Amino acid sequence: MKIFTQTVNCNFVLNSDFVDQTNQQVFSTLEKSVNEFINTNLWSNKLLDTHQRVKFNLVLNLNSYKGSNFTGTLQVQVERPVYESTYLTPIFNFLDKDISFNYDEFQPLFYNPVSFESNLISILSFYVYIAMGLEADTFKTNSGTIFFKEAQKIVSLAQQNSIKGWNQSDGTRNRFWLVDTLLSNTFKEYRTVQYEYHRNGMDLMTTDLKKAKAGVLNSIENFLPLYKRRPNAFLLQTFFDAKSDEIVDIISQGPEIEIKQTLKILNKIAPYFGPKWKKIR
């Protein structure tokens with residue numbers, strides 16, 4: 001029997017600025033309940049100190065609230081600490097536009113891995129496992145698979161309810177495709193680069209800045225096989241959504257190294273970030 005322990009540190013924020021609602025209490029209650037649900041639930045059999053817990057942010061921007069129905073978007077941001085520093089490096093930045101769920105104030109939130117309890121619980125639990133898997137991949141190659149498979153189970157259970165966001169026919173950038181591509185061998189370079197970028201790059205920043213910088217640049221070059229197979233892979237875009245600003249800072253600062261080849265690759269595989277790459281000096 002597995003014994004699960006708390007391994008996440010999530011900051012869930014509910015933004016109701018776009019909703020005309022005089023009674024804000026239900027929003028405060030929901031925000032508090034979600035934070036308690038995620039941060040006190042037992043998600044993994046890893047026993048970690050507080051500073052080691054997977055760190056991520058969820059920002060729910062409400063578009064409408066009627067009765068007990070909530071709709072909006074969810075911004076998911078995952079980060080992890082850099083070795084021997086206080087710096088938190090972003091590893092994932094994703095906007096889920098298919099957020100819709102029912103919630104009654106003070107409704108208890110419980111996660112059941114073998115059944116669908118509610119769309120709210122499924123969405124939250126899904127992103128917990130995505131965050132844990134992504135963070136694990138940055139420390140050991142493909143070690144996030146166990147968590148991605150848990151997320152995939154949540155997708156399978158939720159699909160039975162025909163709610164938007166869980167099915168392959170709902171679009172090309174939804175929860176189904178996110179976990180499907182993370183587990184697909186077709187997109188394996190994404191997970192390999194996550195490991196190399198962080199372990200051979202970021203984690204060396206405090207000990208050998210030049211080597212760290214070279215490690216970051218070398219890892220980016222390893223995206224080329226993925227780009228050749230799937231030039232429009234949305235995992236590529238999510239990587240640079242999270243990393244583009246950091247990459248600009250890393251290349252522009254510190255000891256000088258050859259960046260011509262890296263700039264050529266960045267403009268090829270991530271042309272939508274061209275304005276940012278132009279800032280690199």
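Which residue in E3 is the bridge partner of Leu 60? This tour of a predicted model begins with that pair: select Leu 60 together with Leu 74, its bridge partner in E3.

**The sheet**

Display strand E2, residues 54–66, and strand E3, residues 69–81; the two run antiparallel and are joined by 11 bridges. Besides the leucine pair, the register can be followed at Phe 56, which stands opposite Val 78 in E3, and at Leu 62, whose bridge partner in E3 is Gly 72. At the end of E2, centre the view on the turn: E2 and E3 form a hairpin with two residues between them, and Gly 67 in this turn has a positive phi of about 65°.

Next, add strand E4, residues 88–102, which is antiparallel to E3 and joined to it by 12 bridges. Select Asn 69 and Asn 102 to see one position of this pairing, with Asn 69 opposite Asn 102 in E4. The connection between E3 and E4 is again a hairpin, here with six residues between the strands; Glu 84 in the turn has a positive phi of about 55°.

On the other side of E2, bring in strand E1, residues 8–15. E1 and E2 pair in the parallel sense over eight bridges, and Phe 12 stands opposite Leu 58 in E2.

With the four strands shown together, the order E1-E2-E3-E4 can be read across an open sheet with mixed pairing. E1 and E4 stand at the edges with a single partner strand each, so one side of each has no neighbour in the sheet. Direction ignored, neighbouring strands of this sheet are turned by 15° against each other on average. Now add H2, which packs on the sheet and touches E1, E2, E3 and E4; the direction of H2 makes about 165° with that of E4.

**Helix H3**

Move to helix H3, residues 145–159. Its 15 residues reach 21 Å from the first C-alpha to the last, close to the 21 Å expected at 1.5 Å a residue. Within H3, select Phe 147, Phe 148, Ala 151, Ile 154, Val 155 and Ala 158, which are buried. These residues cover an arc of only 110° around the axis, which puts them on the same side of H3. To see what covers them, add elements including helix H2 (119–137), helix H4 (175–183) and helix H5 (188–199).

**Aromatic rings**

Finally, show the aromatic side chains; the whole structure contains 24 aromatic pairs. One of them is formed by Phe 27 and Phe 70, an edge-to-face pair with 6.2 Å centre to centre and 75° between the planes. This pair links distant parts of the chain, since Phe 27 lies in helix H1 (residues 25–40) and Phe 70 in strand E3, 43 residues apart. Both Phe 27 and Phe 70 are buried.

Then select Trp 43 and Tyr 111. Their ring centres are 5.3 Å apart and their planes lie at 40°, so the pair is tilted. Trp 43 belongs to the loop between H1 and E2, and Tyr 111 to the loop between E4 and H2, so the pair ties together parts that are 68 residues apart in sequence. Trp 43 is buried at a relative accessible area of 1%, and Tyr 111 is buried at 18%.

The last selection is an aromatic cluster: Tyr 190, Tyr 197, Phe 223, Phe 239, Phe 240, Tyr 272, Phe 273 and Trp 277.

Notes. Residues are numbered from 1 along each chain as its sequence is written. This is a predicted model: local features need pLDDT of at least 70, side-chain atom pairs count only at pLDDT 80 or more; totals for chains, interfaces and linings use all residues. Side-chain values use heavy atoms; hydrogens and water are left out. The expected span of a helix is 1.5 Å times one less than its number of residues. Buried means under 20% relative accessible area, exposed over 50%, partly exposed in between (1.4 Å probe, protein chains only). The arc is that of the directions from the helix axis to the C-beta atoms. Contact means heavy atoms within 4.5 Å. Two strands pair if DSSP finds at least two bridges between them. Axes are lines fitted to C-alpha atoms, for helices over the stretch in contact, and angles run from 0 to 180 degrees between N-to-C directions. Rings of Phe, Tyr and Trp (its six-membered ring) pair if their centres lie within 6.5 Å; planes under 30 degrees apart count as stacked, over 60 as edge-to-face and the rest as tilted.
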